[in-house]
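Welcome! Please take a moment with the sequence and the 3D view below, and then we will walk through the fold together.

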Amino acid sequence: MDAEATSLTSPAPDRSRALATEAVHAGRDDLASLGLHAAPIDLSTTYPSYDSRAEAERIDAFAATGAQPDGPPVYARLDNPTTARFEKALATLEGTGSAVAFASGMAALSAVLLARASAGLRHVVAVRPLYGCSDRLLGSGLLGTEVTWTDPAGIADAIRPDTGLVMVETPANPTLAEIDIRAVAHSCGTVPLLVDNTFATPVLQRPVEHGARIVLHSATKYLGGHGDVMGGVVACDEEFAATLRQMRFATGGVLHPLAGYLLLRGLSTLAVRVRAASASAAELARRLTADPRVSRVHYPELGGAMVSFEVYGEPHRVIAGVRLITPAVSLGSVDTLIQHPASISHRIVDEGDRRAAGVGDRLLRMSVGLEDVEDIWADLCQALSRGAGAAPAPVPHAAGQGRR
Ligand SMILES: *Cc1c(COP(=O)(O)O)cnc(C)c1O
(Lines give C-alpha, C1' and ligand atoms only; values in the text may rest on other atoms or scores of the structure.)
Protein backbone atom coordinates (compact mmCIF):
# COMPACT_ATOMS: atom_id res chain seq x y z
CA MET A 1 0.00 0.00 0.00
CA ASP A 2 1.21 3.51 -0.65
CA ALA A 3 0.15 5.09 2.64
CA GLU A 4 3.59 6.68 2.77
CA ALA A 5 2.88 8.83 -0.23
CA THR A 6 -0.40 10.28 0.95
CA SER A 7 -0.45 9.98 4.72
CA LEU A 8 -0.27 13.08 6.85
CA THR A 9 1.96 11.27 9.31
CA SER A 10 4.70 10.33 6.89
CA PRO A 11 6.18 13.54 5.59
CA ALA A 12 9.37 13.74 3.65
CA PRO A 13 10.93 16.41 5.87
CA ASP A 14 11.66 19.48 3.76
CA ARG A 15 14.99 20.61 5.16
CA SER A 16 14.98 23.69 2.98
CA ARG A 17 12.52 25.50 5.22
CA ALA A 18 13.68 26.92 8.56
CA LEU A 19 12.25 25.62 11.82
CA ALA A 20 10.27 28.80 12.52
CA THR A 21 8.67 28.46 9.09
CA GLU A 22 7.86 24.78 9.54
CA ALA A 23 6.39 25.58 12.96
CA VAL A 24 3.60 27.56 11.29
CA HIS A 25 3.26 25.56 8.05
CA ALA A 26 4.07 21.87 8.61
CA GLY A 27 0.96 19.73 8.82
CA ARG A 28 -1.08 22.50 7.17
CA ASP A 29 0.28 22.39 3.62
CA ASP A 30 -3.04 21.15 2.21
CA LEU A 31 -5.26 23.73 3.93
CA ALA A 32 -5.33 26.29 1.12
CA SER A 33 -6.35 23.61 -1.37
CA LEU A 34 -9.20 22.69 0.99
CA GLY A 35 -10.27 26.34 1.06
CA LEU A 36 -9.33 26.62 4.73
CA HIS A 37 -7.02 28.80 6.76
CA ALA A 38 -7.18 27.25 10.26
CA ALA A 39 -6.91 23.48 10.65
CA PRO A 40 -10.29 21.74 10.91
CA ILE A 41 -11.12 19.75 14.04
CA ASP A 42 -12.53 16.30 13.29
CA LEU A 43 -14.26 14.95 16.39
CA SER A 44 -15.72 11.85 14.73
CA THR A 45 -15.25 8.61 16.60
CA THR A 46 -16.26 6.57 13.56
CA TYR A 47 -16.58 7.00 9.80
CA PRO A 48 -19.19 5.66 7.38
CA SER A 49 -18.10 3.11 4.83
CA TYR A 50 -20.47 1.36 2.38
CA ASP A 51 -17.67 -0.89 1.16
CA SER A 52 -16.87 -3.32 3.97
CA ARG A 53 -14.52 -5.34 1.77
CA ALA A 54 -12.35 -2.28 1.19
CA GLU A 55 -12.57 -1.46 4.90
CA ALA A 56 -11.48 -5.02 5.75
CA GLU A 57 -8.46 -4.61 3.51
CA ARG A 58 -7.51 -1.37 5.18
CA ILE A 59 -7.86 -2.95 8.63
CA ASP A 60 -5.77 -5.95 7.53
CA ALA A 61 -3.11 -3.64 6.15
CA PHE A 62 -2.95 -1.73 9.43
CA ALA A 63 -2.73 -4.95 11.44
CA ALA A 64 0.05 -6.21 9.19
CA THR A 65 2.13 -3.06 8.84
CA GLY A 66 1.01 -0.38 11.31
CA ALA A 67 1.15 2.15 8.48
CA GLN A 68 -1.35 4.98 8.75
CA PRO A 69 -4.39 3.74 6.78
CA ASP A 70 -4.95 5.22 3.37
CA GLY A 71 -8.13 7.09 2.56
CA PRO A 72 -10.83 8.01 5.08
CA PRO A 73 -10.22 7.12 8.73
CA VAL A 74 -11.77 3.97 10.18
CA TYR A 75 -12.16 4.55 13.90
CA ALA A 76 -10.80 7.24 16.21
CA ARG A 77 -8.56 4.87 18.20
CA LEU A 78 -6.81 3.99 14.96
CA ASP A 79 -6.59 7.26 13.13
CA ASN A 80 -7.63 10.91 13.41
CA PRO A 81 -6.90 13.60 10.81
CA THR A 82 -6.54 16.47 13.28
CA THR A 83 -4.07 14.54 15.42
CA ALA A 84 -2.28 13.46 12.22
CA ARG A 85 -1.62 17.13 11.39
CA PHE A 86 0.09 17.61 14.76
CA GLU A 87 2.08 14.42 14.24
CA LYS A 88 3.24 15.51 10.82
CA ALA A 89 4.25 18.95 12.09
CA LEU A 90 6.19 17.59 15.07
CA ALA A 91 7.96 14.99 12.91
CA THR A 92 9.02 17.79 10.59
CA LEU A 93 10.34 19.91 13.46
CA GLU A 94 12.29 16.99 14.95
CA GLY A 95 13.57 15.90 11.54
CA THR A 96 12.16 12.37 11.82
CA GLY A 97 10.10 10.48 9.26
CA SER A 98 7.12 10.08 11.56
CA ALA A 99 5.61 10.89 14.92
CA VAL A 100 2.91 9.19 16.97
CA ALA A 101 0.83 11.15 19.47
CA PHE A 102 -0.58 9.89 22.76
CA ALA A 103 -2.85 11.07 25.55
CA SER A 104 0.08 12.17 27.71
CA GLY A 105 3.84 11.94 27.97
CA MET A 106 3.48 8.91 30.23
CA ALA A 107 1.17 7.18 27.74
CA ALA A 108 3.82 7.80 25.07
CA LEU A 109 6.61 6.34 27.22
CA SER A 110 4.42 3.37 28.16
CA ALA A 111 3.80 2.60 24.49
CA VAL A 112 7.53 2.70 23.75
CA LEU A 113 8.32 0.35 26.64
CA LEU A 114 5.51 -2.05 25.71
CA ALA A 115 6.57 -2.03 22.06
CA ARG A 116 10.11 -3.04 22.98
CA ALA A 117 9.03 -5.55 25.64
CA SER A 118 6.59 -7.20 23.24
CA ALA A 119 9.55 -7.79 20.91
CA GLY A 120 11.20 -9.73 23.75
CA LEU A 121 13.51 -6.84 24.65
CA ARG A 122 12.46 -6.19 28.23
CA HIS A 123 15.66 -4.64 29.54
CA VAL A 124 16.13 -0.86 29.64
CA VAL A 125 19.31 1.05 30.42
CA ALA A 126 18.60 4.51 31.81
CA VAL A 127 20.46 7.51 33.18
CA ARG A 128 19.19 9.50 36.16
CA PRO A 129 17.77 11.98 36.74
CA LEU A 130 14.61 11.43 34.73
CA TYR A 131 11.22 13.01 35.23
CA GLY A 132 9.87 11.49 38.49
CA CYS A 133 7.08 9.40 36.94
CA SER A 134 9.40 8.09 34.20
CA ASP A 135 11.86 7.05 36.91
CA ARG A 136 9.03 5.36 38.78
CA LEU A 137 7.60 3.60 35.71
CA LEU A 138 11.01 2.10 34.92
CA GLY A 139 11.99 1.39 38.52
CA SER A 140 8.72 -0.32 39.45
CA GLY A 141 8.81 -2.71 36.52
CA LEU A 142 5.07 -2.09 36.25
CA LEU A 143 5.06 -2.82 32.51
CA GLY A 144 7.20 -5.94 32.77
CA THR A 145 10.45 -4.16 31.98
CA GLU A 146 13.65 -4.31 33.99
CA VAL A 147 15.94 -1.30 34.36
CA THR A 148 19.66 -0.88 34.91
CA TRP A 149 20.53 2.62 36.11
CA THR A 150 23.91 3.90 35.08
CA ASP A 151 25.79 7.05 34.18
CA PRO A 152 26.55 7.90 30.54
CA ALA A 153 30.01 6.32 30.78
CA GLY A 154 28.50 3.03 31.97
CA ILE A 155 25.95 2.57 29.18
CA ALA A 156 28.01 0.29 26.93
CA ASP A 157 28.74 -2.09 29.81
CA ALA A 158 25.13 -2.13 30.98
CA ILE A 159 23.77 -3.28 27.62
CA ARG A 160 22.68 -6.96 27.50
CA PRO A 161 21.37 -9.16 24.67
CA ASP A 162 17.80 -8.40 25.80
CA THR A 163 18.29 -4.62 26.06
CA GLY A 164 15.60 -2.94 23.98
CA LEU A 165 16.13 0.69 24.88
CA VAL A 166 18.55 3.20 26.31
CA MET A 167 16.79 6.20 27.83
CA VAL A 168 18.16 9.62 28.76
CA GLU A 169 16.73 13.04 29.41
CA THR A 170 18.78 16.09 28.46
CA PRO A 171 18.58 18.71 29.87
CA ALA A 172 17.22 16.54 32.66
CA ASN A 173 14.26 17.22 34.89
CA PRO A 174 14.84 18.83 37.41
CA THR A 175 18.64 19.35 37.68
CA LEU A 176 19.06 20.42 34.02
CA ALA A 177 22.06 18.08 33.80
CA GLU A 178 23.18 17.72 30.20
CA ILE A 179 24.26 14.64 28.31
CA ASP A 180 26.37 14.43 25.16
CA ILE A 181 23.80 12.72 22.93
CA ARG A 182 26.31 11.84 20.23
CA ALA A 183 28.65 10.11 22.68
CA VAL A 184 25.77 8.22 24.30
CA ALA A 185 24.36 7.19 20.91
CA HIS A 186 27.76 5.76 20.06
CA SER A 187 27.76 3.70 23.30
CA CYS A 188 24.33 2.30 22.42
CA GLY A 189 25.53 0.44 19.34
CA THR A 190 22.46 -1.05 17.72
CA VAL A 191 20.18 -0.50 20.72
CA PRO A 192 17.84 2.44 20.05
CA LEU A 193 18.52 5.54 22.12
CA LEU A 194 15.48 7.42 23.40
CA VAL A 195 16.01 11.07 24.31
CA ASP A 196 13.30 12.84 26.29
CA ASN A 197 13.48 16.24 24.57
CA THR A 198 10.69 17.87 26.58
CA PHE A 199 12.94 20.56 28.10
CA ALA A 200 14.95 21.53 25.03
CA THR A 201 12.22 21.22 22.37
CA PRO A 202 13.28 20.91 18.71
CA VAL A 203 13.94 24.65 18.76
CA LEU A 204 17.11 24.13 20.81
CA GLN A 205 18.00 20.50 20.11
CA ARG A 206 17.07 17.82 17.55
CA PRO A 207 18.35 14.57 19.08
CA VAL A 208 18.08 12.49 15.88
CA GLU A 209 20.71 14.75 14.31
CA HIS A 210 23.06 13.47 17.04
CA GLY A 211 22.24 9.79 16.67
CA ALA A 212 19.15 9.27 18.84
CA ARG A 213 16.51 7.03 17.26
CA ILE A 214 13.50 7.92 19.39
CA VAL A 215 12.52 11.38 20.67
CA LEU A 216 9.91 11.65 23.41
CA HIS A 217 7.96 14.73 24.45
CA SER A 218 5.54 15.53 27.14
CA ALA A 219 3.56 17.73 24.73
CA THR A 220 1.77 19.00 27.86
CA LYS A 221 4.76 21.30 28.37
CA TYR A 222 6.33 23.51 25.66
CA LEU A 223 4.61 22.04 22.60
CA GLY A 224 1.17 22.98 23.93
CA GLY A 225 2.74 25.92 25.69
CA HIS A 226 -0.30 27.40 27.44
CA GLY A 227 -0.92 25.01 30.31
CA ASP A 228 -4.28 23.91 28.90
CA VAL A 229 -3.64 20.70 26.99
CA MET A 230 -2.20 17.32 27.93
CA GLY A 231 -0.48 15.11 25.40
CA GLY A 232 2.60 13.10 24.55
CA VAL A 233 4.38 12.35 21.31
CA VAL A 234 7.13 10.10 20.03
CA ALA A 235 9.12 11.23 16.98
CA CYS A 236 10.96 8.37 15.26
CA ASP A 237 11.49 6.55 11.97
CA GLU A 238 8.43 5.12 10.19
CA GLU A 239 9.35 1.55 11.12
CA PHE A 240 9.11 2.17 14.86
CA ALA A 241 6.15 4.54 14.38
CA ALA A 242 4.23 1.69 12.78
CA THR A 243 4.82 -0.46 15.87
CA LEU A 244 3.76 2.42 18.12
CA ARG A 245 0.53 2.97 16.15
CA GLN A 246 -0.34 -0.70 16.61
CA MET A 247 0.47 -0.42 20.32
CA ARG A 248 -1.67 2.71 20.59
CA PHE A 249 -4.55 0.99 18.82
CA ALA A 250 -4.25 -2.04 21.12
CA THR A 251 -3.89 -0.17 24.42
CA GLY A 252 -5.94 2.95 23.68
CA GLY A 253 -3.79 5.86 24.89
CA VAL A 254 -4.94 8.12 22.05
CA LEU A 255 -4.69 11.89 22.00
CA HIS A 256 -8.07 13.62 21.87
CA PRO A 257 -8.52 15.53 18.57
CA LEU A 258 -9.20 18.80 20.44
CA ALA A 259 -5.82 18.29 22.12
CA GLY A 260 -4.34 17.56 18.70
CA TYR A 261 -5.71 20.87 17.46
CA LEU A 262 -4.36 22.81 20.45
CA LEU A 263 -0.95 21.15 20.12
CA LEU A 264 -0.77 22.03 16.43
CA ARG A 265 -1.67 25.61 17.29
CA GLY A 266 0.91 25.57 20.08
CA LEU A 267 3.62 24.52 17.66
CA SER A 268 3.06 27.60 15.53
CA THR A 269 4.43 29.83 18.31
CA LEU A 270 6.93 27.31 19.71
CA ALA A 271 10.05 28.96 18.29
CA VAL A 272 9.18 32.49 19.44
CA ARG A 273 7.99 31.31 22.87
CA VAL A 274 11.07 29.20 23.53
CA ARG A 275 13.48 31.89 22.35
CA ALA A 276 11.82 34.68 24.34
CA ALA A 277 11.49 32.64 27.54
CA SER A 278 15.06 31.37 27.17
CA ALA A 279 16.41 34.91 26.98
CA SER A 280 14.62 35.75 30.25
CA ALA A 281 15.75 32.49 31.85
CA ALA A 282 19.38 33.16 30.95
CA GLU A 283 19.12 36.62 32.50
CA LEU A 284 17.46 35.24 35.66
CA ALA A 285 20.13 32.53 35.91
CA ARG A 286 22.79 35.26 35.72
CA ARG A 287 21.13 37.28 38.49
CA LEU A 288 20.54 34.24 40.69
CA THR A 289 24.21 33.25 40.34
CA ALA A 290 25.19 36.63 41.77
CA ASP A 291 22.58 36.49 44.54
CA PRO A 292 23.88 35.83 48.10
CA ARG A 293 20.65 33.97 49.02
CA VAL A 294 21.29 31.35 46.35
CA SER A 295 23.95 28.67 46.81
CA ARG A 296 23.89 27.11 43.37
CA VAL A 297 22.27 27.73 39.98
CA HIS A 298 21.65 25.08 37.33
CA TYR A 299 21.28 26.43 33.83
CA PRO A 300 22.06 24.39 30.71
CA GLU A 301 24.84 25.36 28.31
CA LEU A 302 22.26 24.67 25.62
CA GLY A 303 20.05 27.44 27.03
CA GLY A 304 16.34 26.99 27.54
CA ALA A 305 13.55 28.39 29.65
CA MET A 306 14.11 26.26 32.76
CA VAL A 307 16.26 27.42 35.69
CA SER A 308 16.87 25.39 38.82
CA PHE A 309 18.57 26.77 41.90
CA GLU A 310 19.41 25.86 45.46
CA VAL A 311 18.69 28.32 48.27
CA TYR A 312 20.50 28.77 51.58
CA GLY A 313 17.21 29.44 53.30
CA GLU A 314 13.91 27.62 53.47
CA PRO A 315 12.71 26.55 50.00
CA HIS A 316 9.10 26.05 51.18
CA ARG A 317 8.94 29.70 52.23
CA VAL A 318 10.10 30.79 48.79
CA ILE A 319 7.31 28.74 47.22
CA ALA A 320 4.78 30.16 49.68
CA GLY A 321 6.04 33.68 48.97
CA VAL A 322 5.58 34.03 45.22
CA ARG A 323 2.79 36.32 44.01
CA LEU A 324 3.18 36.78 40.23
CA ILE A 325 4.89 33.44 39.71
CA THR A 326 2.55 30.47 40.11
CA PRO A 327 3.61 27.84 42.63
CA ALA A 328 2.70 24.76 40.60
CA VAL A 329 4.11 21.60 39.11
CA SER A 330 4.45 21.28 35.31
CA LEU A 331 6.32 23.65 33.03
CA GLY A 332 6.52 25.16 29.59
CA SER A 333 3.55 27.48 29.90
CA VAL A 334 3.34 31.16 28.94
CA ASP A 335 3.40 32.03 32.65
CA THR A 336 6.22 31.41 35.09
CA LEU A 337 5.86 28.40 37.40
CA ILE A 338 7.99 27.33 40.35
CA GLN A 339 7.99 24.12 42.36
CA HIS A 340 10.00 22.11 44.88
CA PRO A 341 11.00 18.86 43.10
CA ALA A 342 11.70 16.88 46.30
CA SER A 343 8.09 17.54 47.41
CA ILE A 344 6.25 17.47 44.10
CA SER A 345 7.62 16.43 40.68
CA HIS A 346 10.11 13.89 42.06
CA ARG A 347 8.23 12.94 45.22
CA ILE A 348 7.50 9.52 43.75
CA VAL A 349 11.23 8.69 43.45
CA ASP A 350 12.80 6.87 46.40
CA GLU A 351 14.49 9.44 48.66
CA GLY A 352 17.97 7.91 48.39
CA ASP A 353 17.80 7.65 44.60
CA ARG A 354 16.47 11.18 44.42
CA ARG A 355 19.34 12.62 46.43
CA ALA A 356 21.92 10.56 44.56
CA ALA A 357 20.60 12.04 41.30
CA GLY A 358 21.21 15.55 42.66
CA VAL A 359 17.63 16.36 43.62
CA GLY A 360 18.28 17.83 47.06
CA ASP A 361 15.86 19.37 49.54
CA ARG A 362 16.99 22.93 48.78
CA LEU A 363 16.48 22.66 45.03
CA LEU A 364 13.75 24.74 43.36
CA ARG A 365 12.79 24.39 39.71
CA MET A 366 11.46 27.36 37.80
CA SER A 367 9.82 27.33 34.37
CA VAL A 368 10.28 30.84 33.02
CA GLY A 369 7.35 32.26 31.10
CA LEU A 370 6.74 35.25 28.87
CA GLU A 371 6.19 37.94 31.51
CA ASP A 372 8.59 40.88 31.51
CA VAL A 373 11.83 39.65 33.05
CA GLU A 374 11.94 42.56 35.53
CA ASP A 375 8.53 41.59 36.91
CA ILE A 376 9.59 37.95 37.31
CA TRP A 377 12.80 39.04 39.01
CA ALA A 378 10.99 41.42 41.37
CA ASP A 379 8.64 38.64 42.47
CA LEU A 380 11.42 36.09 42.82
CA CYS A 381 13.48 38.57 44.83
CA GLN A 382 10.76 39.25 47.37
CA ALA A 383 9.99 35.50 47.66
CA LEU A 384 13.69 34.75 48.20
CA SER A 385 13.77 37.35 50.97
CA ARG A 386 10.95 35.54 52.74
CA GLY A 387 12.92 32.33 52.57
CA ALA A 388 16.33 33.77 53.31
CA GLY A 389 16.10 35.03 56.87
CA ALA A 390 14.04 32.12 58.03
CA ALA A 391 15.04 29.68 60.73
CA PRO A 392 15.74 26.14 59.44
CA ALA A 393 12.46 24.87 60.97
CA PRO A 394 9.91 24.12 58.22
CA VAL A 395 6.78 26.22 58.06
CA PRO A 396 3.83 24.26 59.53
CA HIS A 397 1.74 23.86 56.39
CA ALA A 398 4.67 22.68 54.30
CA ALA A 399 5.74 20.09 56.88
CA GLY A 400 3.13 17.58 55.75
CA GLN A 401 4.23 17.44 52.16
CA GLY A 402 7.90 18.03 52.89
CA ARG A 403 8.29 14.89 54.97
CA ARG A 404 7.31 11.31 54.73
C1 LIG B 1 5.97 16.04 32.40
C2 LIG B 1 7.05 15.21 31.85
C3 LIG B 1 6.80 13.91 31.39
C4 LIG B 1 5.43 13.26 31.51
O5 LIG B 1 4.50 13.88 30.69
P6 LIG B 1 2.91 13.95 30.99
O7 LIG B 1 2.40 14.69 29.82
O8 LIG B 1 2.75 14.65 32.30
O9 LIG B 1 2.43 12.55 31.07
C10 LIG B 1 7.83 13.21 30.81
N11 LIG B 1 9.07 13.74 30.70
C12 LIG B 1 9.35 14.98 31.15
C13 LIG B 1 10.73 15.52 31.02
C14 LIG B 1 8.36 15.75 31.74
O15 LIG B 1 8.65 16.97 32.20
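Which residue is the bridge partner of Q339 in β12? It is R365. Before going further, a word on the ground rules: this is a predicted model, in which local features need pLDDT of at least 70, side-chain atom pairs count only at pLDDT 80 or more, and totals for chains, interfaces and linings use all residues. Residues are numbered from 1 along each chain as its sequence is written, and side-chain values use heavy atoms, with hydrogens and water left out.

## The whole protein

The protein has 16 helices and 12 strands. Here helices (H or I, at least four residues) and strands (E, at least two) are DSSP runs, numbered from the N terminus. The C-alpha atoms fill a box of roughly 75 × 50 × 40 Å along the principal axes. The radius of gyration is 22 Å, which agrees with the value near 22 Å for a compact globule of 404 residues; this radius is taken over C-alpha atoms, and the globule rule is 2.2 Å times the number of residues to the power 0.38.

Of the 404 residues, 54% count as buried. Buried means under 20% relative accessible area, exposed over 50%, and partly exposed in between (1.4 Å probe, protein chains only). Among contacts with a separation of 6 or more, 72% come from residues 24 or more positions apart, where a contact means heavy atoms within 4.5 Å.

## The open sheet

Now back to Q339 and its partner R365. Strand β11 (residues 337–339) runs antiparallel to β12 (residues 363–367), and three bridges join them. Two strands pair if DSSP finds at least two bridges between them. Both strands belong to an open sheet of five strands in the order β8-β9-β12-β11-β10, with mixed pairing. The edges are held by β8 (294–298) and β10 (326–327); each has a single partner strand, so one side of each is left without a neighbour in the sheet.

## Two covered strands

Strands of a sheet pair through backbone hydrogen bonds, either parallel or antiparallel. Strand β6 (residues 214–218) has examples of both kinds: β5 (residues 193–196) pairs with β6 in parallel, while β6 and β7 (residues 232–236) run antiparallel. On its other side, so to speak, β7 also pairs with β1 (residues 98–102) in the antiparallel sense. The table gathers the bridges and some facing residues.

| Strands | Bridges | Sense | Facing residues |
|---|---|---|---|
| β5 and β6 | three | parallel | D196 and L216 |
| β6 and β7 | five | antiparallel | L216 and V234 |
| β1 and β7 | five | antiparallel | A99 and A235 |

L216 is thus the bridge partner of D196, and L216 also stands opposite V234. In a similar way, A235 is the bridge partner of A99, and V215 stands opposite A235.

How many of the five residues of β6 are buried? Five are, and the strand is mostly covered. I214, L216 and S218 point one way, V215 and H217 point the other way, and all are buried. For β7, five of the five residues are buried, so this strand is largely enclosed by the rest of the structure. G232, V234 and C236 lie on one side of β7, with V233 and A235 on the other.

## Some backbone details

Most residues other than glycine have a negative phi, and most peptide bonds are trans. A few places in this model go the other way. The peptide bond from R128 to P129 is cis, with omega near 0°, and P129 is found in the loop between β2 (123–127) and α6 (132–140). Another cis peptide bond joins N173 and P174, where omega is about 5°.

P174 sits in the loop between β4 (163–169) and α8. That loop also holds L176, whose phi is positive, near 65°. L176 counts as buried because its relative accessibility is 4%. T201 has a positive phi near 65° too; this residue lies in helix α9 (residues 201–204) and is buried, with a relative accessible area of 1%.

Is H186 buried or exposed? At 69% relative accessibility, H186 counts as exposed. H186 belongs to helix α8 (residues 181–188). H186 and H210 are 24 residues apart in sequence, and their C-alpha atoms are 9.5 Å apart in space.
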